[in-house]
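Here's a quick tour of a few local features worth pulling up on screen. Have the structure open as you read.

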Amino acid sequence: MRELRNQAGGPSYATLAREAARLGSPYSETSLRNAASGRVRPSWDAVAAFVQACAAFARTHPQRAEEIARDWSLPVLLDLWAVRWREASASAGPEVPDEAPGPAAPRRDLPGNLPSALTGLVGRGQELAQGTGLLRTARLVTLTGVGGVGKTSLALRVAEEAAPWFPDGLWLVELAELTEQAMVGRAVAAVLGVQSNAGQEPLEAMAEALGGRRVLLVLDNCEHLLDATAAVTRSLLRAVPGLRVLATSRQPLDVTGERVLAIGPLPLPEETGADSAAVDLFVGRAQAVLPGFRLTAENRAAVVSVCRLLDGLPLALELAARRLRTLSVNDLLDRLDRRFLLLGSAGAERTAHPRHRTLSAVFDWSYELCSPAERAAWEQLSAAAGGVSLTDAEALCAGGSTGPDSAFEAIAGLVDKSLLRRVETQGRTRLHLLETVRLYGRERLASSGREHEARRRHQDRYLGLARRAEEEYATPRQAEWLVRLAEEHANLRLALTHVPAEDDTLFEGAYALWLYWVASGKVGEGVHWMRPLAERHPRPPRAEPAPSWCRAQWSIAFVLLLHGDRAAAERVLDRLEPVIGREGDEWAGIRAALHQLRGLSAMVRGDVEQIEKHSSTALRLDGHRPGMLTAQQALAQLGVAASIRGAREEARDFFRRALELSEACGEIWHRSYLRWTLAIECAETGRVEEATTLLWRSLDLKRRLGDRLGAATVSETLAGVLAQRGEPRVAALLLGAAHATWQVAGAPQLWGISHLVHSRARNIGRIQRMLGDGSYQKEYRQGERLGLVRVLAALADERS
């Protein structure tokens with residue numbers, strides 16, 4: 001057994017345990033190690049799990065496996081090891097049960113109607129091993145997955161692999177043509193060649209005919225006849241001990257003892273490559289219609305994009321490849337926004353069932369199998385983008401006559417039918433639609449007349465989440481809500497795209513995202529959405545939404561300022577100022593926020609007098625609304641002004657007062673920046689170790705917030721401190737990593753704040769002198785390649 005493990009490529013016992021669990025045999029790492037130790041006779045199940053896991057690892061890691069392992073056939077391998085197990089057990093005496101299955105006839109000598117494969121199975125090595133393994137231990141295995149994912153092809157290969165275990169035959173029953181539940185039993189009987197006598201039920205006749213035979217029954221396309229298929233399967237399994245059933249369906253049969261193997265699309269290429277099963281399948285099928293076709297440097301990007309847009313769905317890739325008779329790959333790519341028309345009957349497999357012949361037919365069939373509530377949920381969720389949390393999905397789908405419980409049942413039905421994919425993230429459920437499934441749902445939604453209502457419900461939900469996050473801005477839940485918004489980025493973007501003009505929702509939603517654009521490192525994208533809003537609404541459209549309009553304008557000015565467009569930010573503030581000269585606490589809060597932002601603008605250009613003038617005014621104004629920055633921001637700006645003047649003790653006093661306010665309310669965004677500013681003061685006065693501690697504490701908060709640009713800001717200062725400590729190589733590495741973060745943010749390095757930019761230049765000069773320009777450039781480029789997250793993680797590991 002140890003030699004078998006070596007031939008497989010030397011997987012660790014922990015890896016073998018994971019493989020065994022995936023294949024339906026949950027043996028621990030210790031159990032498998034003990035089985036191969038030679039000290040005790042392992043059970044047959046342990047041996048079979050070990051062999052199965054080795055074969056699965058060799059199949060998925062051929063580059064590590066020895067040549068002999070690359071050609072292993074699992075059934076043959078298990079037969080061989082069953083013989084070895086019996087031989088090793090012979091000395092234990094007759095009391096040892098003969099629990100290992102005996103060798104069976106080769107596949108070619110078996111009765112049955114299983115067809116031979118016409119094409120190879122691409123990219124399904126792991127699923128093939130899993131399915132075969134499950135069939136060894138379970139009497140009913142169901143392969144589930146969305147239409148077009150390749151369940152039938154995989155089932156036929158699993159049956160072929162498992163053939164030696166079923167000496168009495170492998171029988172395929174095609175259910176796609178059947179239209180009535182009552183026809184299932186008769187169809188199975190017909191395939192088995194069983195005829196019932198007068199007064200005898202078909203199930204009784206089949207049970208009598210099969211008797212003690214060891215048979216595999218493959219039931220293909222069960223989804224439209226689930227009740228009858230489940231009933232027939234349950235009855236036959238109870239009556240025929242030697243029978244096993246392998247089913248394919250878009251949802252499970254839900255029969256006791258059923259093991260379900262969910263089949264997903266083929267793996268897609270990594271961001272920077274083209275190696276993947278999806279690409280292999282597309283290229284292989286393209287070569288079948290165009291013998292000269294090959295993957296080249298010129299068409300690689302287009303091929304990868306086609307595979308991505310088609311979600312790695314085998315049927316869609318095969319239909320698309322047939323279109324290369326007429327189109328180039330780039331032409332094909334340009335037309336995939338109309339994929340249901342493009343991948344129609346002209347490129348269909350002529351012998352396929354009509355429901356599986358075109359991409360549209362596949363999803364028409366899925367749609368017909370859905371209940372009215374499930375169809376409505378499919379359409380509503382297609383109006384979203386990216387993943388959707390279960391909570392949000394229920395809220396979106398509940399409306400009108402549909403209550404929360406009905407919405408959940410509809411969502412669960414879509415998951416069961418393989419139309420929604422469930423992913424667990426940090427203990428919570430998120431739901432994903434394949435893009436092709438989403439586009440089909442959107443076409444149905446557009447033709448239903450409910451599109452406007454669905455989009456409005458989506459907007460209300462996600463802009464409502466943004467408003468809720470803004471309300472938690474100065475609370476202990478601040479970080480939690482920033483992370484929540486980051487998860488919903490695609491939906492927030494979509495909500496902003498479709499918000500109606502002159503709607504209070506528009507202004508409140510735009511305002512609520514001011515901190516998110518900065519903390520997420522997407523300042524440039526924030527400006528993309530906010531600038532047109534400022535241009536479309538230079539003044540409040542009506543009296544009622546005027547406060548909301550003012551808050552939105554303030555948010556726009558804030559993002560523009562951090563984007564580096566100070567002139568545009570000042571213009572927005574100039575037109576905001578006349579509107580806010582009204583009485584009332586709400587207006588006082590907006591006036592305070594305006595002065596605060598004027599002070600921040602002055603800080604960017606280093607104008608100490610204006611920093612102090614506007615920041616002091618912001619602190620004096622009553623009714624200061626916490627969400628539009630906070631008092632600690634004004635205090636921090638006054639501290640920066642004092643620091644620029646050289647009044648370091650005064651600066652530290654302002655920073656400490658601001659830090660006390662942040663700690664009192666439990667928020668951490670300001671706290672992370674305040675620790676950074678205190679660290680700068682410490683570094684400037686030679687307290688390097690204290691500065692280092694403060695900077696790492698700040699970075700820990702940045703990590704909790706998901707604040708990428710904040711982490712880059714703090715890292716710039718940490719690089720200078722590391723240089724002071726005599727670590728110039730690490731400092732150069734960190735500067736390069738921080739620079740890479742700024743490059744994609746849509747914001748000038750260090751926000752363009754003049755005294756910080758000058759400080760960075762001094763640090764670079766010092767580090768270059770310490771290292772020499774060649775060594776500095778080498779470390780800097782390495783930092784750019786690694787990225788800030790990896791560099792900081794490595795430094796944190798060294799520090800701990």
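## Strands and a hairpin

Start with Arg421, which stands opposite His432 in S8. That match-up belongs to the pairing of strand S7 (residues 421–425) with S8, which is antiparallel and runs over 5 bridges. Keep in mind that this is a predicted model. The S7 and S8 hairpin has 2 residues between its strands, and Gln426 takes a positive phi near 50° there.

S8 (residues 428–432) also pairs with strand S6 (residues 388–389), again in the antiparallel sense, over 2 bridges. Here Val388 sits opposite Leu431 of S8.

## Around Glu525

Glu525 is found in helix H27 (residues 523–536). Leaving aside residues up to four places away in sequence, Glu525 touches His489, Arg493 and Trp517. With His489 there's a side-chain to side-chain polar contact at 3.1 Å.

## Aromatic rings

The structure holds 20 aromatic pairs. One of them is Trp514 with Trp669, edge-to-face at 6.3 Å centre to centre and 80° between the planes. This pair ties together distant parts of the chain, with Trp514 in helix H26 (residues 514–519) and Trp669 in helix H34 (residues 669–684), 155 residues apart. Trp514 counts as buried because its relative accessible area is 1%, and Trp669 is buried too, at 5%.

Both belong to an aromatic cluster that also takes in Tyr473, Tyr511, Trp554, Phe558, Tyr673 and Trp676.

## Charges over rings

Two arginines are worth a look. The charged end of Arg5 sits over the ring of Tyr13, 4.2 Å from its centre, while Arg444 lies over the face of Tyr367, 3.9 Å from the ring centre.

Note on methods. Residues numbered from 1 in each chain as written. Predicted model: local features only at pLDDT ≥ 70, side-chain atom pairs only at ≥ 80, totals over all residues. Heavy atoms only, no water. Pairing = 2+ DSSP bridges. Helix = DSSP H or I, 4+ residues; strand = E, 2+ residues; numbered from the N terminus. Polar contact = N/O pair within 3.5 Å; in protein donor to acceptor, adjacent residues only side chain to side chain. Contact = heavy atoms within 4.5 Å. Phe/Tyr/Trp six-rings, centres within 6.5 Å; stacked < 30°, edge-to-face > 60°. Buried < 20%, exposed > 50% of the residue type's maximum accessible area, 1.4 Å probe, protein only. Lys NZ or Arg CZ within 6 Å of the ring centre and 35° of its normal.
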